[in-house]
Amino acid sequence: FVDATADGGGSAKKRGPATLHISVIEAKDLIAADSGGTSDPFATIELVDSKSGKSLKPKKSKKTKKIKKTLTPEWNESIKWEGIKPDPATLNLSIKVADADMLSSEPLGEISLPVSKFPEGEDAMDAWYTLKPSNGMSEVKGSIRVQTRMEFPSEEGEGGSEGAGGG
């Protein structure tokens with residue numbers, strides 16, 4: 001018997017804050033934003049609210065290094081975000097690829113991944129995602145390779161959590 005009026009309150013076991021592991025590996029077939037037929041791509045990785053698309057507070061975001069004059073950048077950068085309190089079902093991972101110029105950056109495309117789809121445990125999901133147009137883009141091409149996984153650290157104090165506070 002399932003009570004259709006219940007919204008899952010209490011049925012799903014409440015787990016502690018999640019730890020997200022994200023690796024932005026590489027991209028390919030990017031748009032050439034510069035006159036020389038290449039781009040200077042970097043990626044901005046951010047956790048956002050899946051409904052509003054707004055940044056979390058406190059903000060969780062990171063930029064990769066910029067790689068000059070390429071349409072196939074290899075960043076190989078990993079992020080570990082700990083103590084993620086919101087339900088993964090309410091979060092998206094936004095990754096925006098852009099071309100770095102002296103004064104501004106030009107969008108090259110973006111992806112948005114539901115955090116709830118990240119596999120739990122040690123084995124990351126390693127996949128290529130087709131870039132979608134960012135704001136103001138009429139066309140987009142290319143794809144980006146990202147590895148994602150999450151874990152819910154057990155409550156027993158393994159390694160302790162000193163210095164996790166502070167604000």
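Strands, in the sense used here, are DSSP runs of E that span at least two residues and are numbered from the N terminus. With that in hand, the place of Ile 84 can be given as strand S4. The model in which we look at this strand is a predicted one, and Ile 84 offers a convenient point of entry. Buried means a relative accessible area under 20%, and Ile 84, at 4% relative accessibility, counts as buried. Leaving out residues up to four places away in sequence, Ile 84 touches Pro 17, Ala 18, Leu 20, Leu 47, Lys 60 and Leu 91. One of these partners, Lys 60, is 24 residues from Ile 84 in sequence, while the C-alpha atoms of the two are 9.4 Å apart in space.

From this residue we can turn to the sheet that includes its strand. Four strands form an open sheet in the order S4-S1-S8-S7, and their pairing is antiparallel. S4 and S7 stand at the edges with a single partner strand each, so one side of each has no neighbour in the sheet. On average, and with direction ignored, neighbouring strands of this sheet are turned by 20° against each other. Within the sheet, S1 and S8 pair in the antiparallel sense over nine bridges, and as an example of how residues face one another across a pair of strands, Leu 20 stands opposite Met 150 in S8.

Strand S8 also holds Thr 148, a residue that is buried, with a relative accessible area of 0%. What does Thr 148 touch, if residues up to four places away in sequence are not counted? The residues in question are His 21, Leu 93, Leu 113, Phe 118, Pro 119, Ala 124 and Met 125.

Another set of pairings involves strand S2. Is S2 mostly covered or mostly uncovered? Seven of the nine residues of S2 are buried, and the strand is therefore mostly covered, given that buried means under 20% relative accessible area. S2 runs antiparallel to S5, and nine bridges join the two; here Pro 41 stands opposite Asp 99 in S5. S2 also runs antiparallel to S3, to which three bridges join it, and in this case Ile 45 stands opposite Lys 62 in S3.

The strands can next be followed into the interior. The largest nonpolar core has 32 residues, and those with the most contacts inside it are Leu 20, Ile 22, Ile 45, Leu 93, Ile 95 and Ile 144. The elements that give two or more residues to this core are strands S1 (18-28), S2 (41-49), S4 (74-84), S5 (91-100), S6 (105-114), S7 (125-130) and S8 (143-151). Of these, S1 gives the most, with five residues. Ile 144 shows how many parts of the chain a single core residue can reach: leaving aside its neighbours within four places in sequence, Ile 144 is in contact with residues that include Val 24, Glu 26, Trp 75, Ile 95, Ile 111, Trp 128 and Leu 131.

Charged side chains add a further kind of link. How many salt bridges are there in the model? The count comes to six. In one of them, Arg 145 pairs with Glu 26, and the closest N and O atoms are 2.9 Å apart. Because Arg 145 lies in strand S8 and Glu 26 in strand S1, this pair ties together parts that are 119 residues apart in sequence. Arg 145 counts as partly exposed, at 21% relative accessibility, whereas Glu 26 counts as buried, at 17%.

A second salt bridge joins Glu 77 to Lys 65, with the closest N and O atoms 3.5 Å apart. Glu 77 is in strand S4 and Lys 65 in the loop between strand S3 (61-63) and S4, 12 residues apart, and the pair links distant parts of the chain. Here Glu 77 counts as buried, at 12% relative accessibility, while Lys 65 is partly exposed, with a relative accessible area of 45%. Lys 80 and Glu 82 form another salt bridge, the closest N and O atoms being 3.8 Å apart. Finally, salt bridges that share partners join Glu 26, Asp 126 and Arg 145 into one network.

Key
Residues are numbered from 1 along each chain as its sequence is written. This is a predicted model: local features need pLDDT of at least 70, side-chain atom pairs count only at pLDDT 80 or more; totals for chains, interfaces and linings use all residues. Side-chain values use heavy atoms; hydrogens and water are left out. A nonpolar core is a set of buried Ala, Val, Leu, Ile, Met, Phe, Trp, Tyr and Cys residues joined through side-chain atoms within 4.5 Å. Buried means under 20% relative accessible area, exposed over 50%, partly exposed in between (1.4 Å probe, protein chains only). Contact means heavy atoms within 4.5 Å. A salt bridge is a side-chain nitrogen of Lys or Arg within 4 Å of a carboxyl oxygen of Asp or Glu. Two strands pair if DSSP finds at least two bridges between them. Axes are lines fitted to C-alpha atoms, for helices over the stretch in contact, and angles run from 0 to 180 degrees between N-to-C directions.
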